[in-house]
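Here is a short report on one chain. It follows a helix, a core, a set of strands and some backbone angles.

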Amino acid sequence: MQLKIKKEKDYENNKNYKNNIPFFNINENNKNCGICGSYFSDTKIRNLFNSKTITIIGCGGIGSYMAEFIARSNINLILIDKDKVDFTNLERQNYNIKDLNKNKTDCLKKKIKKINKSISIENYNIDVTKYENLQDILDESDFIVVATDNMESKKKINEISYSLKIPTIFLSAYSNIGEIFFTNYSKESSCFNCFYNKKNDSHIKLKQVGVIPTIPTIVSLNALNIIYEIFKNKKNEEKFINTILRFDFANINITKIKFNKNNKCEVCNDGI
Ligand SMILES: [Zn+2]
């Protein structure tokens with residue numbers, strides 16, 4: 001079957017696009033479509049991914065690009081951010097000049113719906129540090145991505161994710177450094193609070209030295225690859241727990257920093 005798409009109304013009106021975005025179908029019938037096409041044209045993976053929901057908290061340099069690629073992967077989304085698009089965001093975030101002064105999650109939702117209409121997208125323009133019913137929103141997630149720019153929000157989300165036992169990945173970037181920390185809150189897994197504290201607060205470093213504009217995007221896509229691995233096989237979670245992946249992109253250097261669960265951690269050390 002050859003699909004012909006020339007205009008948006010072709011996309012809207014064709015029943016073949018109802019459940020899958022067009023290029024997935026095209027790739028299924030085109031064996032020469034390249035590595036990416038082969039990967040996502042696998043019906044099992046495509047349907048598996050479409051059964052999952054990822055919540056992104058923080059739709060800045062990391063979260064805004066990750067949201068787009070999650071949508072292109074046919075995975076459902078919940079977007080959370082309190083901010084409106086500012087002129088200074090255009091340097092490294094997935095917004096354009098027409099988005100200025102509008103809510104980030106509204107802009108992202110609108111953009112992503114033009115890419116993939118077959119996924120569901122919820123968005124919340126809320127401050128997670130003040131919002132009381134955050135647990136109710138996060139409870140719908142299969143996976144949580146934390147890409148906020150302050151320690152207070154990360155600590156609060158860590159506590160809620162721990163209580164819900166939802167796999168969560170914490171992402172940060174400063175200067176030419178990117179950091180990825182994953183936890184599944186199993187009894188073997190350290191949580192965000194086990195390691196991160198004021199001494200190694202990447203956000204203080206971010207305020208001091210800024211960040212190279214490409215780094216947040218690279219961090220987000222590396223993290224999404226980890227999520228693919230986990231969605232394909234839950235056992236892969238074990239590969240990523242108790243480790244901080246630190247990327248030094250100026251020197252093309254990846255370090256795995258191993259650390260064990262902190263048995264004095266006030267979040268995850270509850271005798272489980
Ligand atoms: Zn802990």
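## Ala 67 and its surroundings

Ala 67 is in contact with Ile 56, Cys 59, Leu 77, Leu 79, Leu 108 and Ile 112, leaving aside its neighbours within four places in sequence. The model is predicted.

Ala 67 also stands out in the largest nonpolar core. That core has 59 residues, and Ile 56, Ala 67, Leu 77, Val 145 and Leu 171 touch the most other members. Helix α11 supplies the largest share of this core, with 7 residues.

**Helix α5**

Ala 67 is one of the buried residues of α5. The helix runs over residues 61–72 and has 12 residues. From first C-alpha to last, α5 reaches 18 Å, close to the 16 Å expected at 1.5 Å a residue.

How many residues of α5 are buried? The count is 9 of the 12, so the helix is largely enclosed by the rest of the structure. They are Gly 61, Ile 62, Gly 63, Ser 64, Tyr 65, Met 66, Ala 67, Ile 70 and Ala 71.

What do these buried residues pack against? Their partners are the strands β1 (53–57), β2 (76–80), β4 (143–146) and β5 (168–174), together with the helices α6 (104–113) and α11 (215–232).

**Strands β5, β6 and β7**

Strand β5 pairs with β6 in the antiparallel sense, over 7 bridges. One bridge joins Ser 172 to Glu 179 in β6. The hairpin of β5 and β6 has 2 residues between the strands.

Strand β6 covers residues 177–183. Of its 7 residues, 6 are buried, so β6 is largely enclosed by the rest of the structure. Strand β6 also pairs with β7, again in the antiparallel sense, over 5 bridges. There, Phe 181 stands opposite Ile 244 in β7.

**Phe 192**

Phe 181 turns up again in the contacts of Phe 192. Phe 192 lies in helix α9, residues 192–195. Is Phe 192 buried or exposed? A residue counts as buried at 20 or more other C-beta atoms within 10 Å. Phe 192 has 25 such atoms within 10 Å, so it is buried.

Leaving aside neighbours within four places in sequence, Phe 192 is in contact with Lys 154, Asn 158, Phe 170, Phe 181 and Thr 183. Phe 192 and Phe 182 are 10 residues apart along the chain, and their C-alpha atoms are separated by 8.3 Å.

**Positive phi angles**

Most residues other than glycine have a negative phi. Some residues here take a positive one, including these:

| Residue | Place | Phi |
|---|---|---|
| Asn 74 | loop between α5 and β2 | near 70° |
| Ser 175 | hairpin of β5 and β6 | near 50° |
| Ile 252 | loop between β7 (243–248) and β8 (253–258) | about 45° |

Asn 74 comes just after α5. Which of the two states, buried or exposed, applies to Asn 74? Asn 74 counts as buried because it has 22 C-beta neighbours inside 10 Å. Ile 252 is exposed, with 7 other C-beta atoms within 10 Å. The cut-off for exposed is 12 or fewer.

Note on methods. Residues numbered from 1 in each chain as written. Predicted model: local features only at pLDDT ≥ 70, side-chain atom pairs only at ≥ 80, totals over all residues. Helix = DSSP H or I, 4+ residues; strand = E, 2+ residues; numbered from the N terminus. Expected span 1.5 Å × (residues − 1). Contact = placed C-beta atoms within 7 Å. Core = buried A, V, L, I, M, F, W, Y, C linked by C-beta atoms within 7 Å. Pairing = 2+ DSSP bridges.
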